[in-house]
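Work through the following exercises with the sequence and the model side by side, and try each task before you read its solution.

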Amino acid sequence: MTYNDEPELAGYVPTEGAPRRRRMRVVLRLVVIVGIACLVLPGVLTTMSVAAATAQEACNAWVAYEAPEATAASARFELFAAAGPGWECYTVGAFGGDRHVASLGLIPISPTLSPVPKSGKNA
């Protein structure tokens with residue numbers, strides 16, 4: 001079958017599509033990308049928020065155990081730490097400035113620390 005056999009197709013030249021179709025495709029891709037971002041972003045933000053709160057609580061426990069003279073604790077996420085990327089715990093306000101206390105890892109958990117023996121009560 002050729003174009004000469006069909007009078008409706010005389011002079012028809014196939015193209016990539018109408019300009020409106022190309023614009024519609026771009027708009028549809030943009031809507032899909034924004035939709036996926038709107039689905040993923042709340043999960044990422046919630047995960048970061050929970051990790052920051054857990055790291056701060058774990059850091060408070062470490063500082064109370066390791067440096068009770070410190071006035072505060074600070075948990076910071078560092079990409080290029082000595083132990084690799086993850087949460088790092090520092091004392092704040094201790095003598096000599098901030099001091100590294102512990103590496104908490106990528107997914108911080110509360111430490112299980114043994115009680116510190118009190119002097120004079122070991123019998």
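The exercises below concern a predicted model, and they go from the overall layout to single residues.

**Exercise 1. The layout of the chain**

Determine how many helices and strands the protein has, and in which order the elements run from the N terminus.

Solution. Begin by counting the elements, which gives one helix and three strands. Then follow the chain from the N terminus on, where the elements run α-β-β-β. Next, turn to burial in the protein: of its 123 residues, 20% are buried. As for the surface, the protein exposes about 9,700 Å², and carbon and sulfur atoms supply 64% of that area. Finally, look at contacts with a separation of 6 or more, of which 34% are accounted for by residues 24 or more positions apart.

**Exercise 2. How the strands pair**

Describe how strand E2 is joined to E1 and to E3, and name a bridge partner on each side.

Solution. First locate strand E1 at residues 72-78, which runs antiparallel to E2 and is joined to E2 by seven bridges. On this side, Arg-76 has Glu-88 in E2 as its bridge partner. Then move to strand E3, residues 99-105, which pairs with E2 in the antiparallel sense over five bridges. Here the bridge partner of Cys-89 is Ala-102 in E3. To complete the picture, check how well strand E2 itself, residues 86-92, is covered: six of its seven residues are buried.

**Exercise 3. The disulfide**

Find which cysteines form a disulfide, and decide whether each of the two is buried or exposed.

Solution. The count of disulfides comes to one, and this disulfide is formed by Cys-59 and Cys-89, whose sulfur atoms are 2.0 Å apart. That distance fits the cut-off, because a disulfide requires the two sulfur atoms to be within 2.5 Å. The link connects distant parts of the chain, since Cys-59 is in helix H1 (residues 19-66) and Cys-89 is in strand E2, 30 residues apart. The handedness follows from the angle about the S-S bond, which is 80° for Cys-59 and Cys-89, and the link is right-handed. For burial, the cut-off is a relative accessible area under 20%. Cys-59 has 0% relative accessibility and therefore counts as buried, and Cys-89, at 0%, counts as buried too. Cys-38, by contrast, has 53% relative accessibility and counts as exposed.

**Exercise 4. An aromatic pair and a charge over a ring**

Identify which rings form the aromatic pair, and explain what kind of pair they make.

Solution. A search of the whole structure finds one aromatic pair. The rings are those of Phe-77 and Trp-87, with centres 5.5 Å apart and planes at 70°, so the pair is edge-to-face. The reasoning rests on the rule that planes over 60 degrees apart count as edge-to-face. Because Phe-77 lies in strand E1 and Trp-87 in strand E2, the pair ties together parts that are ten residues apart in sequence. The two residues also differ in exposure: Phe-77, at 40% relative accessibility, counts as partly exposed, whereas Trp-87, at 11%, counts as buried. Now turn to Arg-76, whose charged end sits over the ring of Tyr-90, 4.4 Å from the centre of that ring.

**Exercise 5. Three residues and their surroundings**

Classify Thr-91, Ala-52 and Pro-115 as buried, partly exposed or exposed, and state where each one lies.

Solution. Start with Thr-91, which has its place in strand E2 and is buried, because its relative accessible area is 0%. When neighbours within four places in sequence are left aside, the residues in contact with Thr-91 include Val-63, Ala-67, Gly-97 and Val-101. Continue with Ala-52, which lies in helix H1 and, at 31% relative accessibility, counts as partly exposed. The C-alpha atoms of Ala-52 and Ala-75 are separated by 7.6 Å, although these residues are 23 residues apart along the chain. End with Pro-115, found in the segment after E3, which counts as exposed because its relative accessibility is 72%. Pro-115 and Tyr-65 are 50 residues apart in sequence, and in space they are 8.4 Å apart, C-alpha to C-alpha.

Key. Residues are numbered from 1 along each chain as its sequence is written. This is a predicted model: local features need pLDDT of at least 70, side-chain atom pairs count only at pLDDT 80 or more; totals for chains, interfaces and linings use all residues. Side-chain values use heavy atoms; hydrogens and water are left out. Buried means under 20% relative accessible area, exposed over 50%, partly exposed in between (1.4 Å probe, protein chains only). Helices (H or I, at least four residues) and strands (E, at least two) are DSSP runs, numbered from the N terminus. Two strands pair if DSSP finds at least two bridges between them. Rings of Phe, Tyr and Trp (its six-membered ring) pair if their centres lie within 6.5 Å; planes under 30 degrees apart count as stacked, over 60 as edge-to-face and the rest as tilted. A charge sits over a ring if NZ of Lys or CZ of Arg is within 6 Å of the ring centre and within 35 degrees of the ring normal. Contact means heavy atoms within 4.5 Å. Accessible areas come from the Shrake-Rupley method with a 1.4 Å probe; for residues, only the protein chains shown count as cover.
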